[in-house]
Amino acid sequence: MGSATNRNPSRRLDDASSLGGRLEFRPRLTVVLVFLTLMVAVVGWRIARDTGARRVDVLAREAIGLFDAAPSAGAATAPLDAAEAEKQFRALSGVPIGFPRDDADFVPVEIRRETFANRPAASLRFRYAGEGYLLLVSSRDRLPGVPSVAAFPERSFVSGERNGRSFVLWEREGASCIVVSDVDVTLAFDLVRRLFT
């Protein structure tokens, strides 16, 4: 009894084969492969997106914990000079962030070395218009000749609120920066844009 499929190369249509008849065009297989490729791409994109969201959530939680922690017992009672605070902060963080020197509302209170996201970081407790803030800056690890990978584009900001605290997270010059405060998130975001970018 003969097979139901016609495998005779002389009876094939020219558009149904390629490479001299060695490969056949199979529309069902092509549709399945395209569908599987799209499904893998969507799943990969969602995993990458969720990983970034989890990273931001972890960083925000850790920064809020440091904000809520009491300042060290050795904290100076007199406010620091903005120029001197900038030098100390730059020495600890290795990131050139300028502090406002002509703004009477900006009052640096304490600079410390912290561990943030399992990396050494510099922290600055400061007051602005009477409200308390915490700035944390942590350099990302770099290998020679390998560009450092940011969680989001260099000029982007991520802001939000957790447990009644607002935060603004951004990356610049190979460092992750976050400001935490009790104020509304829009005020914190505006302060970051005006003072630190």
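**Note on the sheet, its edges and the salt bridges**

1. In strand E4, the residue that serves as bridge partner of Glu-114 is Ala-121. This pairing belongs to a predicted model, and the comments that follow should be read with that in mind. Strand E4 covers residues 119-128 and is joined to E3 by ten bridges, the two strands running antiparallel.

2. The wider setting is an open sheet of six strands, in the order E3-E4-E5-E8-E7-E6, with antiparallel pairing. Strand E3 (106-116) and strand E6 (157-162) stand at the edges, and each has a single partner strand, so one side of each is left without a neighbour in the sheet. From one strand to the next, the twist averages 20°.

3. Helix H2, which spans residues 82-93, packs on this sheet and touches E3, E4 and E5, while its direction makes about 10° with that of E3.

4. At the other end of the strand order, six bridges join E6 to E7 in an antiparallel arrangement, and within E7 the bridge partner of Val-158 is Leu-169. The two strands form a hairpin with two residues between them, and Asn-163, which sits in the turn, has a positive phi of about 50°.

5. Strand E7 is joined in turn to E8 by seven bridges, again with the strands running antiparallel, and Leu-169 has Ile-178 as its bridge partner in E8. Here too there is a hairpin with two residues between the strands, and Glu-173 in the turn has a positive phi of about 45°. Strand E7 is mostly covered, given that seven of its eight residues are buried.

6. Is Ser-138, a residue of strand E5 (residues 131-139), buried or exposed? With a relative accessibility of 2%, Ser-138 counts as buried, because the cut-off for that class is under 20% relative accessible area. When neighbours within four places in sequence are left aside, Ser-138 is in contact with Phe-116, Arg-119, Pro-120, Ala-121, Ala-175 and Ser-176. Among these contacts is Ala-121, which was named above as the bridge partner of Glu-114. As a further spatial reference, the C-alpha atoms of Ser-138 and Leu-92 are 9.6 Å apart, although the two residues are 46 places apart in sequence.

7. Turning to charged side chains, the count for this model comes to eight salt bridges. As general background, side chains of opposite charge can pair when their charged atoms come close. One of the salt bridges is formed by Asp-68 and Arg-165, whose closest N and O atoms are 2.8 Å apart. Asp-68 lies in helix H1 (residues 27-68) and Arg-165 in strand E7 (residues 165-172), so this pair ties together parts that are 97 residues apart in sequence. Asp-68 is partly exposed, with a relative accessible area of 44%, and Arg-165 is also partly exposed, at 22%.

8. Arg-165 has a salt bridge with Asp-182 as well, and in that pair the closest N and O atoms are 3.0 Å apart. Asp-182 lies in the loop between strand E8 (175-181) and helix H3 (185-195), whereas Arg-165 is in strand E7, so the pair ties together parts that are 17 residues apart in sequence. At 44% relative accessibility, Asp-182 counts as partly exposed.

9. Salt bridges that share partners also join Glu-110, Arg-112, Glu-114 and Arg-125 into one network. Within it, the side chains of Arg-112 and Glu-110 meet in a salt bridge with an N to O distance of 4.0 Å; a reader applying the rule should note that its cut-off is within 4 Å. Glu-110 is buried, with a relative accessible area of 7%, whereas Arg-112 is partly exposed, with a relative accessible area of 25%. Glu-114, a member of this network, is the residue with which this note began, as the bridge partner of Ala-121.

Note on methods. Residues numbered from 1 in each chain as written. Predicted model: local features only at pLDDT ≥ 70, side-chain atom pairs only at ≥ 80, totals over all residues. Heavy atoms only, no water. Helix = DSSP H or I, 4+ residues; strand = E, 2+ residues; numbered from the N terminus. Buried < 20%, exposed > 50% of the residue type's maximum accessible area, 1.4 Å probe, protein only. Contact = heavy atoms within 4.5 Å. Pairing = 2+ DSSP bridges. Axes fitted to C-alpha atoms, helices over the stretch in contact; angles between N-to-C directions.
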